[in-house]
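Trainee: Could you take me through a close look at a single part of this model, and then show me how it connects to its surroundings? I would love to follow it step by step.

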Amino acid sequence: MKDSKELKLMTVDDAVAQIENNMVIGIGTGSTIELLIPKIAERIQHEDLNITGVCTSNKSAYIAKQLKIHVVDINDVDHVDLAIDGADEVDPNLNLIKGGGGALFREKVIDEMATRFVVLADESKLVDYLGQNFKLPVEIDKFNWLHIAKNIESNFNISTERRMNDDVPFFPLSVINGT
């Protein structure tokens, strides 16, 4: 059986092959994308491609910039030709959970702007139902987070959990599957 990194690398090559000169690329977030970004940089360098990247997280932007990928703010582009991102879970109907790392809103904005959206997922992401191995992220505004959490809990008979990052509240809310 292949290890996690090998499985992730197998998903990357097809996505990189879809990149063409003069594209605006949406670059996602997560461990698979951290393997993708160097492959994008390699293609840019070896084929002298003119590529502009917009990233769903500061970490992805930092890695891309370190590898000499031209990265701009989402407000500096009017479209995204191709967005590439990973998934946290994928069910048999190809529904998926994204945004577990906290970039949910930025991922949604970039994915919505994209003409094409490629999701990278290896067999380790396959589940029988969403929420089987990963809590469903719900991004909320900190202004009314408690009201939203109570609303979700009372209307859907499930519990929520406020995520913390180094003892600081983090504002995607996790919904804990009630089944």
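Mentor: Happily! Let's start with the second largest pocket, which holds about 170 Å³ of space. A pocket here is an open set of points on a 1 Å grid over the protein atoms alone where a 1.4 Å probe fits, with protein on both sides within 12 Å along at least five of seven lines; lining residues have an atom within 4 Å of a point. Points join across faces, edges and corners, and the volume is the space filled by probe spheres set on them. Keep in mind that this is a predicted model, where local features need pLDDT of at least 70 and side-chain atom pairs 80 or more, while totals for chains, interfaces and linings use all residues. Residues are numbered from 1 along each chain, and side-chain values use heavy atoms, without hydrogens or water.

Now find the walls. The lining of the second largest pocket is made by Cys-55, Ser-57, Ala-61, Lys-65, Val-71, Val-72, Asp-73, Ile-74, Arg-106, Val-109 and Ile-110. Two elements give two or more residues to this lining, helix H3 (58-66) and helix H4 (104-113). Helices (H or I, at least four residues) and strands (E, at least two) are DSSP runs, numbered from the N terminus. The biggest contribution to the lining comes from H4, with 3 residues.

Let me pick Val-72 from that lining and follow it outwards. Among the residues that Thr-52 touches is Val-72, and Met-23, Val-24, Ile-25 and His-70 are touched as well, leaving aside residues up to four places away in sequence. Contact means heavy atoms within 4.5 Å. Thr-52 sits in strand S2 (residues 52-55), and with a relative accessibility of 16% it counts as buried. Buried means under 20% relative accessible area, exposed over 50%, and partly exposed in between (1.4 Å probe, protein chains only).

Next come the nonpolar cores, sets of buried Ala, Val, Leu, Ile, Met, Phe, Trp, Tyr and Cys residues joined through side-chain atoms within 4.5 Å. In the largest one, which has 25 residues, Leu-36, Ile-40, Ile-69 and Ile-84 touch the most other members. Helix H1 (4-17), strand S1 (24-27), helix H2 (31-47), H3, strand S4 (80-86) and strand S7 (114-120) each give two or more residues to this core. With 6 residues, H2 gives the most. Zoom in on Leu-36 and you will find Val-12, Ala-15, Val-16 and Ile-84 in contact with it, again not counting residues up to four places away in sequence. There is also a second, separate core of 8 residues, and its members include Val-72, Val-77, Ala-83 and Ile-110. You have already met Val-72 and Ile-110 in the lining of the pocket.

Charged residues add another set of links. Side chains of opposite charge can pair when their charged atoms come close. A salt bridge here is a side-chain nitrogen of Lys or Arg within 4 Å of a carboxyl oxygen of Asp or Glu, and the count by this rule is 5. One of the pairs is Asp-13 with Lys-39, whose closest N and O atoms are 3.9 Å apart. Asp-13 belongs to helix H1 and Lys-39 to helix H2, so this pair ties together parts that are 26 residues apart in sequence. Both partners are partly exposed, Asp-13 at 44% and Lys-39 at 29%.

Further along H2, Arg-43 and Glu-47 form a salt bridge at 2.9 Å, N to O. These two are 4 residues apart in helix H2, which puts about one helical turn between them. Arg-43 counts as buried at 18%, whereas Glu-47 is partly exposed at 44%.

Then look at Asp-85 and Lys-98, whose side chains meet in a salt bridge of 2.8 Å, N to O. This pair links distant parts of the chain, 13 residues apart: Asp-85 is in strand S4, and Lys-98 is in the loop between strand S6 (96-97) and H4. Asp-85 is buried at 0%, and Lys-98 is buried too, at 8%. Together with Glu-107, Asp-85 and Lys-98 are linked in a network of salt bridges.

Finally, let's visit the backbone in two loops. Most residues other than glycine have a negative phi. Asn-22, in the loop between H1 and S1, has a positive phi near 70°. Lys-68 is not a glycine either, and its phi is about 65°. Lys-68 lies in the loop between H3 and strand S3 (70-71), and at 72% relative accessibility it counts as exposed.
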